[in-house]
Amino acid sequence: MKRRSAVAGVSLLLGGCDGTPLGYLDPAGPAARAIAGLGWGLIAISAAVCLIVLGLLSYAIGRERPPDSGALGGGSDRKAIRWIAVGTGISTVFLLGAAIWTLWAVRSVTNATTPPGLIIDVTGHQWWWEAHYRSNDPSREFTTANDLVIPVGVPVQVNLHSSDVIHSFWVPRLAGKTDTIPGVTNRTRIQAEREGIYRGQCTEFCGLEHAHMAFFVVAKNPGDFNTWWDHQLQSTTVDAANRGEQVFLDKCAACHAIRGTPAGGILGPNLSHFGSRTTIGAGALPNNSENLAYWIDHTQTVKPGSNMPSLDLPADQVAAVTAFLEGLK
Ligand code: HEC
Ligand SMILES: [Cu+2]
């Protein structure tokens, strides 16, 4: 069994499991596009201001001065004052322009005049994300974790909660950062222009495993999204002959839930359909059988301080519960 945690951790800081970078400057949704445009605009304005100041400075340095020149560079005081006015004027125009552009970008980011096509309640936990999909029909609601699947082209309202400390919800390619604050419900909007996996990250220092509090927004076309939703509503059958399921009910159910089984724990992520999740431990390891077996008995090596203990189970139990969970597609 390979110790993948360090490698995976570094690659996740720089990019996703598939090596894709966070992509701050590669927007894939309207809010991120407005923010990226503003970012480039502010860089351009700052560069222009620097160039103008440098130009004026070299002009002033290179100028011949009369030997009796005073503090303002000699000549007439009126001339000096004119230069000060020009400088102040240029700065004012640029700064005002930047301020107006910023307000315009903020307005387009928070603009919620169109009703959302989907509402998801997301709760930040130390150190993972819970997602509850809302529906007008309560029997169609469900809970999942760490992967947020959304339909392409649909504005999605994310209601943000926290179960412990302040976290911050950020998907750089789709929208700006919004904090999750205990006792407060913040709202943000995400919308993806095309299918893909967009990496998200907690961006408020929230304790030991803050860096391993990633999540993934998976944008599917609306047809596939509806199929996915229907699939989430399917239950796992209780099967006394399934060794892995019995180990799970015995050792894991106090903290984890699986739809259709008596397992209803809420201390850890809901594991219904865990097999199709992108990663294990909110981005700590890519999701595959080998890593899952490693996670179960080395949790505190992969994610020291996490609220899941390393479970010291016999190898055959680890193998059985791993096969069971990876089978929950
Ligand atoms: C004391 C509570 C507790 C017990 C018992 C427990 N877990 Fe966990 N588990 C957690 C918590 C909390 C997390 C989230 C850890 C994190 O990402 O920081 C977690 C995360 C996980 C994840 C990753 C889920 C995801 O979406 O990334 C898997 C898989 C998992 N546990 C499997 C198991 C299995 C299998 C068992 C039993 C053998 C088990 N857990 C027992 C609390 C528990
Ligand atoms: Cu956090």
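Student: Which is D316: buried, partly exposed or exposed?
Tutor: The cut-offs are under 20% relative accessible area for buried, over 50% for exposed, and partly exposed in between (1.4 Å probe, protein chains only). This is a predicted model, where local features need pLDDT of at least 70, side-chain atom pairs count only at pLDDT 80 or more, and totals for chains, interfaces and linings use all residues. Residues are numbered from 1 along each chain as its sequence is written, chains are lettered from A and ligands numbered from 1 in the order written, and side-chain values use heavy atoms, leaving out hydrogens and water. With a relative accessibility of 43%, D316 counts as partly exposed.

Student: What does the side chain of D316 meet in a salt bridge?
Tutor: Look for a side-chain nitrogen of Lys or Arg within 4 Å of a carboxyl oxygen of Asp or Glu; that's a salt bridge. Here the N to O distance is 3.3 Å, and the partner of D316 is R243.

Student: How far apart in sequence are the salt-bridge partners E193 and R33?
Tutor: The closest N and O atoms of E193 and R33 are 2.7 Å apart. E193 sits in the loop between β8 (186-190) and β9 (196-202), while R33 is in helix α2 (helices, H or I, have at least four residues and strands, E, at least two, as DSSP runs numbered from the N terminus). So this pair ties together parts whose separation in sequence is 160 residues.

Student: Which residues coordinate the iron atom of ligand 1?
Tutor: Donors are N, O and S atoms within 2.8 Å of the metal (3.2 Å for Na, K and Ca), and sites may look incomplete since water is not among the atoms. At 1.9 to 2.2 Å, the iron is coordinated by NE2 and SD atoms, which belong to H256 and M308.

Student: Are H256 and M308 buried or exposed?
Tutor: H256 has a relative accessible area of 10%. For M308 the value is 17%. Both fall under the 20% cut-off, so H256 and M308 are buried.

Student: Which protein donors does the copper ion (ligand 2) have?
Tutor: They lie 2.1 to 2.5 Å from the copper ion. In sequence the donor residues are spaced H-x34-C-x3-C-x6-M. Put names to that pattern and you get H167 (ND1), C202 (SG), C206 (SG) and M213 (SD).

Student: And what is the relative accessibility of C206?
Tutor: Start with C202, another donor of the copper ion, which is buried at 1%. C206 counts as buried too, because its relative accessibility is just 4%.
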